[in-house]
Structures are given as structure tokens and as C-alpha cells.
Amino acid sequence: FLLENHVMQAEKATTPFRQLYFVVQTMLIEPENAHLTRELYWHQSGCLHAALDNQELQKGLALADACIKSQKYFEALKIVRGLFPLEQRLLETTQQKEVA
């Protein structure tokens, strides 16, 4: 089960890792559709792997991938949620560089 403060609403899925979190959350909440949602996860994960330069995010994503392969969705959620702060710092750094 998910704690209320860990349930993400669709409108809060505003970054790539938050979107990935929302997809994994959907696998937990709607297990009857998990096979379809897994396809979306693999598409998003592949796009992130291709776009990421940050080794820490790559490593975390690989750990989440392993959890998804073994259908450990709750563990994948914890891993992805743990990557939010790093993703946020990288997004802020990128935005600052674009402004400068």
C-alpha cells in the first residue's frame, strides 16, 4: 500500500522522473493494467537512459529497472522518489545556464 503523502496526482508529474514515478504508481494501483503500464515505463526509461549524462541518475534508473523486471513496484517507487532531489538540482542548474 502507498501512504497518502506518497501518492502523486497526475498534475504533479511535471519532470521526467516524476512522470516515471507516476507510471510505476499506476502499476501498483491498477495491477490489472500493469502489463500495459510496463510498456510505457520501458519507453520512458529508455528515453531517460539515452538522455542522461549524470551517472548517479543512470545508476538509480538501472536499479529501478531491475525492480520493474522482477515486479517489485513498491521498491521501484522508493528508488525513483529518492532521485527527485538530484533531478531537481540538475534541472535548476540547467535553467540557470540557459538564463545566463
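**Exercise 1. Is leucine 86 buried or exposed, and what does it touch?**

*Solution.* Start with the surface: leucine 86 has 9% relative accessibility, so it counts as buried. Keep in mind that this is a predicted model. Next, place the residue: leucine 86 sits in helix H5. Now look for partners beyond four places in sequence, and you'll find Asn54, Glu56 and Leu57 touching leucine 86. Finish with the backbone: asparagine 54 is 32 residues away from leucine 86 along the chain, and their C-alpha atoms are separated by 9.5 Å.

**Exercise 2. Work out the surroundings of leucine 90: which helix holds this residue, and which residues does leucine 90 contact?**

*Solution.* Leucine 90 is in helix H5. Setting aside neighbours within four places, leucine 90 is in contact with Asn54 and Leu57. On accessibility, leucine 90 comes out at 31%, so it is partly exposed; the buried label would need a value under 20%. For a distance check, pick histidine 35: this residue and leucine 90 are 55 residues apart along the chain, with 31 Å between their C-alpha atoms.

**Exercise 3. Find the largest nonpolar core and say which helix gives the most to this core.**

*Solution.* Begin with the residue count: the largest nonpolar core has 24 residues. The ones with the most contacts inside this core are Phe17, Val24, Met27, Tyr41, Leu61, Ile68 and Val80. Then go helix by helix: H1 (16–29), H2 (34–51), H3 (55–69), H4 (73–82) and H5 (84–99) each supply at least two residues of this core. H1 gives the most, with six residues. As background, nonpolar side chains tend to be buried together in soluble globular proteins.

**Exercise 4. Take tyrosine 41, in helix H2, and list what this residue touches.**

*Solution.* First, accessibility: tyrosine 41 has a relative accessible area of 0%, so it is buried. Second, contacts: leaving out residues up to four places away in sequence, tyrosine 41 touches Leu20, Val23, Val24, Met27, Leu61, Ala64, Asp65 and Ile68. Third, pick valine 24 from that list: 17 residues separate valine 24 and tyrosine 41 in sequence, while their C-alpha atoms are 7.2 Å apart.

**Exercise 5. How many aromatic pairs does the structure have, and what is the geometry of the one formed by tyrosine 41 and tryptophan 42?**

*Solution.* Searching the whole structure turns up two aromatic pairs. Tyrosine 41 and tryptophan 42 make one of them, with ring centres 5.1 Å apart and an angle of 85° between the planes. An angle over 60 degrees is classed as edge-to-face, and that is the label this pair gets. Now compare exposure: tyrosine 41 is buried, whereas tryptophan 42, at 33% relative accessibility, counts as partly exposed.

While you're looking at rings, check phenylalanine 84 too: arginine 18 lies over the face of this ring, 4.3 Å from the ring centre.

**Exercise 6. Which residues form the salt bridge, and where do they lie?**

*Solution.* The whole-structure search gives one salt bridge. The partners are glutamate 75 and lysine 78, whose closest N and O atoms are 3.3 Å apart. With a cut-off of 4 Å, that qualifies. Both residues belong to helix H4 and are three residues apart, about one turn of the helix. Both partners are partly exposed, with glutamate 75 at 36% relative accessibility and lysine 78 at 37%. In general, side chains of opposite charge can pair when their charged atoms come close.

**Exercise 7. Count the disulfides, then describe cysteine 47 and cysteine 67.**

*Solution.* The disulfide count is zero. Cysteine 47 is found in helix H2 and is partly exposed, with a relative accessible area of 43%. Cysteine 67, in contrast, is buried, at 13%. One more distance: cysteine 47 and leucine 36 are 11 residues apart along the chain, and their C-alpha atoms are separated by 17 Å.

**Exercise 8. Where is glutamine 71 found, and what is its phi?**

*Solution.* Locate the residue first: glutamine 71 is in the loop between H3 and H4. Then read the backbone angle: phi of glutamine 71 is near 60°, a positive value in a residue other than glycine.

Notes: Residues are numbered from 1 along each chain as its sequence is written. This is a predicted model: local features need pLDDT of at least 70, side-chain atom pairs count only at pLDDT 80 or more; totals for chains, interfaces and linings use all residues. Side-chain values use heavy atoms; hydrogens and water are left out. Rings of Phe, Tyr and Trp (its six-membered ring) pair if their centres lie within 6.5 Å; planes under 30 degrees apart count as stacked, over 60 as edge-to-face and the rest as tilted. Buried means under 20% relative accessible area, exposed over 50%, partly exposed in between (1.4 Å probe, protein chains only). A charge sits over a ring if NZ of Lys or CZ of Arg is within 6 Å of the ring centre and within 35 degrees of the ring normal. A disulfide is a pair of cysteine sulfur atoms within 2.5 Å. A nonpolar core is a set of buried Ala, Val, Leu, Ile, Met, Phe, Trp, Tyr and Cys residues joined through side-chain atoms within 4.5 Å. Helices (H or I, at least four residues) and strands (E, at least two) are DSSP runs, numbered from the N terminus. Contact means heavy atoms within 4.5 Å. A salt bridge is a side-chain nitrogen of Lys or Arg within 4 Å of a carboxyl oxygen of Asp or Glu.
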